[in-house]
Structure formats: structure tokens, C-alpha cells
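Take a look at the protein below. This report walks through its domains, its annotated sites and its charged pairs.

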Amino acid sequence: MKNRMNELVKQLNQYADAYYRLDSPLVSDAEYDKLYRDLVELETAHPDLVLPNSPSHRVGGKVLEGFSKYQHQYPLYSLQDAFSFEELAAFDRRVRKEFPHVTYICELKIDGLSISLTYEAGHLVVGATRGDGSIGENITENLKRVQDIPLTLPEPLDITVRGECYMPKASFGRVNQIRQEAGEVEFANPRNAAAGTLRQLDTRIVAKRGLATFLYQEASPTEADSQSHVLEKLTKLGFVTNQDYYLADTMEDVWHFIEDLAGRRQNLPYDIDGVVIKVNNLAVQEELGFTVKAPRWAIAYKFPAEEKEAEILSVDWTVGRTGVVTPTANLTPVQLAGTTVSRATLHNVDYIADKDIRLHDTVIVYKAGDIIPAVLSVVEAKRDQQEPLLIPTACPSCGSELRHYEDEVALRCINPLCPAQLKSKLEHFASRDAMNIAGLGPSIVEKLFSANLVHDVADIYQLSIEDLLTLEGFKEKSATKLYQAIQASKSNSAERLLFGLGIRHVGSKASKIVLENFVTVPRLAEASLEEIAVLDGIGAVIAESLTTYFGSEGAKTLLAELEASDVNLSYLGQKVSSDAQLAGMTIVLTGKLERLKRSEAKAKLESLGANVAGSVSKKTDLVVAGSDAGSKLAKAQELGIEVRDEAWLESL
């Protein structure tokens, strides 16, 4: 068993290295996922055999209480900044006064966060932020979730390395899209996004955001004789190093590299804000030494921020998949960061109000993170009786009333029949935790809409096998299979339906709670805000969201259509009374159960009133431990929490 786990870890790490560091996948995603599942199954059954370099450590799952301070063994220094060739030339003269024949290495200045990684016997033991250079924060658990950081090295070295953790432009766009759709404030640039991610206490969020690194320094004593050799060594040890560096004999050569880089900067897949110029020879670096704040052998050239003036000609308002309505300014065209910009985001209505942005204003436009054109501010000196922007009160897609909730910065359309939202709503409706319609994924949803076969979630229950056969790629077998899955979903308990409707703030747990009490969706739809808000675990926010949703004409139409299609609208479970056997208890399941599936055990406990949690804490009342129980059992024993076995569970 141990040999098999070793083999899987080695194989998966090799595949991950090829994918994340070398950008050269060796196997398909499906093959990798299969091997990964095999490993997780073995680790679950044998937690004592889990290897420190297992790729399972990359996955989230820990909620941290905070970050402890970390004293750097090797201090991190700031760099002196330069903003012109003249300043670079002055730096060059100071260096050459002592070392006339010096050469330089030019490295891209990645716009991210400085990190320090310490390995003992080849194993990652500490990952820390720069902090003030002497004391940073220990963020090891978060950095373990950055896929390209090796958890173990190919050699059993004691070594400390330095580098930059950043968010690639592709990840930045994806993260901000998700935040926009959730009505959350978007990150201003990739650096802010990376900083916000590394400060997360939930490692699951870190694992999902697609951070990356470039390592550039061996902080502990090194046998390398030059910075270029350090980069070669780090690459051989499995770290990602930026190969877009340049060796220069003169400061004129350095300047040519900077000018070339400025021309191709916007096409890089990551954000940079300058170039770091270092003396390449490490012995010369040591001789030159440091000032109080910075090394005397390096300097950072910073690109000037590019901003242009443009006039706001008009504003478009577009609806996202969750109903968030986003304003985009149409501008007089300007050249910005190498491209022609004629549109720029205004973010949200709160941003417009804060900046007092008006129609036909002259504004300062920049590229947020050199990616997304955005309006920075108004040039008030050029304002002349400009009209305030008209904030829409009706959805530009369906005409329904827009809402601006107190806890959000965005306008939101709450009409469930809004065409701009329907496709993604249908995808959510069919998802596993909602109506669980196998086979009804994004590509099929797109085909159904393109064929004009569906307009809302109720329409899927009107589909026939003949309708499905008209779709590209469908044969008798696949059409029948999807039709049967749709029909089977009609009999789901109604809390799945309620969750599937995608009502703001109403998750699967809230759906179950309200339907345990109101039993049917029609009865819930008639309930007052006060009746819903008094339910334990619900409150005013969810209650307002439900009453607002069911008060709309679109929701009333949708419910009538679902009922006419014989979709079950009743809760089929059993309400747990306050005097149930385990009412109010928090219980954790751990280890392997011999006779019950984990899902069966969880359902049993919940039916008896227990709250089944995923981790052990001081709030845990009881732990049910099967065979091969690991850290959760150990923590329960440490905290003096009562532990029971599977036989006890069966006796309830």
C-alpha cells in the first residue's frame, strides 16, 4: 500500500510540475483526476501513510485562526527606485567607481508580493511574507496551495529562497468576474488580488484563485558565483524562474532592454511594474554591501503609470448571469498601454457616486493592472455644466425593477425570467446540489437556447425526446437518457428545487430549513417576512430575499409552470423537533465506517437533530470515529471531547 501511494505521489507531482512549471502537460486532465482520486482514497483509508509531498496538500480545507509572526533568518531589503536613464546612469557610475568592469543582469519586476520559502532536508517548513524585512507573517498553509511551489525538493537541502507570488492576468479576470457576479467589490489590480488572496484565512479560497510564483534569490549561503547561476540552480530544484532576463555590459544595454520590454509589456501573461538591475557577480555584490535600507548592488527601474484623458460619450448597462448590472463608459478613443481604448468600466453605481462621474465629463483613464481599462477620476477643471449620469431603475434586458441592496455596491435585477440570466440559471438549476439533472451541462444548455427550445427552467419539463433529437450531436440513446434524467428530477424533495431557483442568499441549508417549516413552496411563497425571519438560522436578510423573489410576477409565473408540469413542490423529509435525540449537538464523523456509508451516517445524525460539522473544535460535542481515524480523533482526545463508535451510531 505504501509503495502504491509513493508511486502515485511521484507520478502526480511529475505531471503537476510539467503542467504548472513547464507548461507542457504530459497527460489529460481526466487521467490526472483519476490518479488523484485513487491517491485520496488511499490516504483516507491510511492517514498515517500520507506523504509530506502529497499533492492532496494543495487542496483547501483548513480555516486558519490567523497568521503568526515570523522572524526572517536572512533579512529582506527594499530596492532603490529609479525613474529615468539619468538615475540609472548615476547608479552605474557609483558601482563602476569600485568595480570598473562590472556586468549587470536585468530581471522583470513582477507586480506581486515578496515571499520567503524555507526548506529543511528538502521539505517546505515555512512560507512567509516579507513584512518589514525582518519580521513577516507565517502563511505556510496558504503558500502550499500555490500549485507551482514545490513541497519537497529533489535534493535534501536546507535552503531559504526568495521570490514573488503574483496573480496571472487570466486568473485576475476570472476572479473579478466571479466577484462582479456575486455583487462584491472587484479587485483593482492583480497585485491587490494576490495580496487579498494570501491574506485569506480559508485555504480553499487560496487554492481556487490560481496564484503563481517566480523565484529569484537564494537567501541562504550559496555556492553559485553569479545571479544568473542562482536562477539556473533554482530551476533545477523545481522552482519557477522567469527566463525573460538579460545580461548587459553597459547601462545603455540595460536601457535598450527596458525600452524593448515597455513595447511588449502589455502582452505578458502577468503584471510587471519595472525592471530590477543587479550586479551579476555575487562576490562583487558582497563587496558592495548594503546601505541601511537597500543593497548598493541593485536598483529598480519603475515604469511610469500611463494615464490618458478621454470624454465620456455615453454609458452602457449590461446584465451579468447573477443579475448584477454593470456600467461601462463609451469614450473618445485614446492610446493606452499600446492599445486603442474606447470603453472603460465604471465599476458600479457606488463608484459613480463617489467619483461624481457625469455624462460628457473629461476623465482620467488607465488600465487596471494593465488589463482592464477603467475610469480613475474626473478632470474637474474641464467640467462645464455636465449632466449627471442617469442611473437605470429598470433592467436593460427585461425591464424589471432594479434593486440596490444596502450590503452591495451593485444594482441587481431580480426577475427570474430575465433573458440575460436564464442560461446560467438553468445550469445552476440542473447542478448536483440542486435538481441534479445528469447530462444537462453548459454546452447542452447553450444548444437548447440556440434552438429556442427553452426560455426558463420550467421549459425543460416540456421537452420531448423528439425535441432533444433535433440538437446537434444527439442520438436516440443520449436523448432518451437526458429526457429520463429530467423526468426523474420532478420527484425531488422541494428544498432542491428552492435552492435550484438561485435566489440571492438562499443556499441549500437555508432551503431545507424554510421548507421543513413551511412544507410546500407555494406556502412559503405566501409567507410574510416576519414569519420567515423568526426561523432559527434564517434571519431578516434571507427572509427579505425570499419575500422579494416570490413577490415578483416572474416568480409567480414560474411556480405555476412548474406545478403544471407535475414538478414536486413539497418537502419530502421529516422536520426535526427541538426535543429530538441529538437536537443542538455538533458532531464530527471521522475514519472509515464498516457498515454505513458516510452519507448515510450524516443523514441519520441530521435526522436526529445533530449538526454534522467537518472539523473538530471546542464547540464540538461528540466525535464518531471509525477505523483508521487520524488527526480529528487525536484533536478530540486532546480537547477531552466524547468519542463514540459506529456501533453506538447504529444503536440510535
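## Two domains in contact

The C-alpha centres of domain 4 and domain 5 are 24 Å apart. Their contact (heavy atoms within 4.5 Å) takes 14 residues from domain 4 and 10 residues from domain 5. Domain 4 runs over 419–490 and domain 5 over 494–565. The same assignment also gives domain 1 (1–58), domain 2 (80–302), domain 3 (307–404) and domain 6 (586–651). Such bounds come from an automatic or database domain assignment.

This is a predicted model: local features need pLDDT of at least 70, side-chain atom pairs count only at pLDDT 80 or more, and totals for chains, interfaces and linings use all residues. Residues are numbered from 1 along each chain as its sequence is written, and side-chain values use heavy atoms, with hydrogens and water left out.

## What the interface is made of

The size of an interface is often given as the accessible area lost when the parts come together. Between domain 4 and domain 5, the buried area is about 1000 Å². This is the accessible area (1.4 Å probe) that two parts lose on being put together, summed over both. Carbon and sulfur atoms give 59% of it.

On the side of domain 4 that touches domain 5, six residues are nonpolar, three polar and five charged. Here Ala, Val, Leu, Ile, Met, Phe, Trp, Tyr, Cys and Pro count as nonpolar, Asp, Glu, Lys and Arg as charged, and the others, Gly among them, as polar. How many salt bridges cross between domain 4 and domain 5? The rule finds zero (it asks for a side-chain nitrogen of Lys or Arg within 4 Å of a carboxyl oxygen of Asp or Glu).

## Annotated sites

An unreviewed UniProt entry marks Cys395, Cys398, Cys413 and Cys418 as "binding site". They span 24 residues in sequence, yet no two of their C-alpha atoms are more than 8.8 Å apart, so they gather at one spot. UniProt positions follow the numbering used here, feature names are shortened, and annotations may be inferred rather than shown by experiment.

The unreviewed entry also carries the annotation "active site" for Lys109. Lys109 lies in strand 3 (residues 104–110). Strands (E, at least two) and helices (H or I, at least four residues) are DSSP runs, numbered from the N terminus. Leaving out residues up to four places away in sequence, Lys109 touches eight listed partners, including Asp271, Gly274 and Lys302. Lys302 is among the residues annotated "binding site", as is Arg130. Arg130 sits in the loop between strand 5 (123–129) and strand 6 (135–137).

## Charged pairs

Side chains of opposite charge can pair when their charged atoms come close. The count comes to 27 salt bridges. One of them joins Arg96 and Asp92, with the closest N and O atoms 2.8 Å apart. Arg96 and Asp92 are four residues apart in helix 3 (residues 85–98), so about one helical turn separates them.
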